[in-house]
Amino acid sequence: DDADLWYDGGGSSSSSSSSSVLFLSGDLPGFLLLASAATLAYSPIFSAGFVWDDSIITDSELVQRWDGVYDLWFRPSNLRNEIHYWPMVYTTFWLEYRLYGLEPFGYHAVNLALHVMNSYLVRRVLNKLGANDSSSWLAASIFALHPARVESVAWVIERKDVLSGLFYLLALVRHPSVGGVDEEEAASASSSSEAEGGNDKRHSAKKQWGYVRAALGYYALGMLSKSIVVSLPVILLIVPWMMRGTLTALEVRRSIPFFVVGILMAMFDMSMARKGEPVDFGFSPFRRILIAARALCFYLTQTIWPAELIGVHPRWTFEDDVPIWAGCFLFISAASLASLGVLLSTFRGRNADASKMSPCGKGEGKGAATATATTTTTTTTMPLRIP
């Protein structure tokens with residue numbers, strides 16, 4: 001029954017009925033064009049070798065030994081020069097070593113294949129969020145060919161970026177709270193009879209929770225690839241909140257397992273890092289905020305104008321370029337406050353419109369609030385209103 005979740009098989013374009021399908025049959029020509037363009041752009045990597053930290057692979061006994069995969073998962077401290085618990089990444093290297101030893105061509109090809117799939121999944125996520133075909137294909141193409149992505153694709157050890165990105169995007173595509181119409185709620189709202197509606201609701205609820213479990217599995221695999229995917233549970237709440245101005249109790253319940261898994265796995269990874277040799281620069285909390293602000297400015301400018309890209313950028317110093325530090329901090333602070341103001345204004349407007357549509361008029365007191373929560377036509381769960 002899960003085959004239709006991977007491929008729609010009907011040549012249909014994206015729609016809410018296929019919002020959780022990972023690959024749409026009608027997308028095959030566009031996917032092949034996207035893959036061809038990315039392969040052409042990244043073709044120099046096929047003649048490249050291993051560089052810098054790739055020695056973790058080439059010099060690792062755990063990657064090269066048949067029984068090394070056990071240590072990768074259950075004795076990770078035996079992996080030299082790696083303080084994080086990211087066994088999925090090194091398991092892929094272990095499998096590849098079985099196939100073609102230390103021939104770099106294969107490792108580069110796998111990185112590129114993962115990047116192509118991630119680029120297509122960008123399109124699928126945007127489809128779920130309501131983007132049309134032209135816009136989503138354009139965004140996928142920019143992601144596939146953007147120079148800032150070269151490091152993650154061409155540097156073999158950066159497999160952690162493309163692999164964790166794959167699982168992150170898969171989770172977003174699969175999770176029913178990200179865009180589209182929630183089939184469980186729609187079935188309940190449109191049921192024509194109590195008995196029939198009950199059956200539809202139970203069937204749809206089972207199907208939707210199946211999607212949630214699949215997304216949770218992808219999330220766990222992502223955390224085992226790189227801990228940066230820990231942000232996913234927050235995204236699962238932000239997306240419906242931004243699209244509708246409300247969160248349902250059902251959406252909150254669906255996010256709870258992700259928070260639990262994310263916190264537990266992040267704590268375990270942090271404990272592993274402490275056992276290694278972490279680098280402590282001794283930065284104060286305020287300086288850490290400044291670094292975060294400048295990093296955001298840096299990546300924003302590199303996204304808009306990717307110039308002077310190098311593999312390892314020199315460290316920033318607080319004594320130099322004081323105007324840049326101050327400017328980045330002020331810009332990010334102003335942009336954050338402005339964005340928050342726009343979002344709150346939008347949400348208040350939506351809530352005001354919803355109140356006007358309620359059968360109870362103004363001045364109804366607590367009864368109006370209760371009626372607004374219980375007479376919502378698009379969901380049977382009580383919305384958590386954002387003030």
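Q: Buried means under 20% relative accessible area, exposed over 50%, and partly exposed in between (1.4 Å probe, protein chains only). With that in hand, what percentage of the protein chain's 387 residues count as buried?
A: This is a predicted model, where local features need pLDDT of at least 70 and side-chain atom pairs count only at pLDDT 80 or more, while totals for chains, interfaces and linings use all residues. Residues are numbered from 1 along each chain as its sequence is written, and side-chain values use heavy atoms, with hydrogens and water left out. Of the 387 residues, the share that counts as buried is 40%.

Q: How many helices and strands does the protein chain have?
A: Here helices (H or I, at least four residues) and strands (E, at least two) are DSSP runs, numbered from the N terminus. By that count, the protein chain has 16 helices and 2 strands.

Q: What share of the contacts with a separation of 6 or more comes from residues 24 or more positions apart?
A: A contact means heavy atoms within 4.5 Å. Once you keep the contacts in the protein chain with a separation of 6 or more, residues 24 or more positions apart account for 73%.

Q: Is aspartate 161 buried or exposed, and what about its partner lysine 226?
A: The two form a salt bridge (a side-chain nitrogen of Lys or Arg within 4 Å of a carboxyl oxygen of Asp or Glu), with their closest N and O atoms 2.6 Å apart. Aspartate 161 sits in helix α9 (residues 159-174) and lysine 226 in the loop between α11 (194-223) and α12 (232-244), so the pair ties together parts that are 65 residues apart in sequence. As for accessibility, aspartate 161 and lysine 226 are both buried.

Q: Which residue does aspartate 27 pair with in a salt bridge?
A: The structure holds 8 salt bridges, and in this one the closest N and O atoms are 2.7 Å apart. Aspartate 27 lies in the segment before α1 (28-41) and its partner in helix α6 (residues 104-128), so the pair ties together parts that are 96 residues apart in sequence. Aspartate 27 is buried at 4% relative accessible area, and the partner is buried at 1%. That partner is arginine 123.

Q: Which four residues are linked in a network of salt bridges?
A: One pairing to look at is aspartate 67 with arginine 65, whose side chains meet at 2.8 Å, N to O. Aspartate 67 is partly exposed at 48%, and arginine 65 is partly exposed at 31%. The full network is Arg65, Asp67, Asp71 and Arg75.

Q: Which helix supplies the largest share of the largest nonpolar core?
A: A nonpolar core is a set of buried Ala, Val, Leu, Ile, Met, Phe, Trp, Tyr and Cys residues joined through side-chain atoms within 4.5 Å. The largest one has 45 residues, and those touching the most other members include Tyr90, Leu172 and Leu232. Helices that each supply at least two residues include α5 (87-100) and α13 (249-275). The largest share, 10 residues, comes from α9.

Q: How many of the residues of α9 are buried?
A: Helix α9 reaches 23 Å from its first C-alpha to its last, close to the 22 Å expected at 1.5 Å a residue (the expected span is 1.5 Å times one less than the number of residues). Lysine 160 is part of this helix and counts as buried at 15%; leaving out residues up to four places away in sequence, it touches Trp86, Val89, Ser225 and Lys226. The helix is largely enclosed by the rest of the structure, because the buried count is 16 of the 16 residues.

Q: At roughly what angle do the axes of α9 and α12 cross?
A: Axes are lines fitted to C-alpha atoms, for helices over the stretch in contact, with angles running from 0 to 180 degrees between N-to-C directions. Tyr168, Ala171 and Leu172 in α9 meet Leu232, Ile235 and Leu236 in α12. The axes come within 11 Å and cross at roughly 30 degrees.

Q: Which residue other than glycine has a positive phi near 45 degrees?
A: Most residues other than glycine have a negative phi. This one lies in the loop between α1 and α2 and is exposed, with a relative accessible area of 58%. The residue is tryptophan 52.
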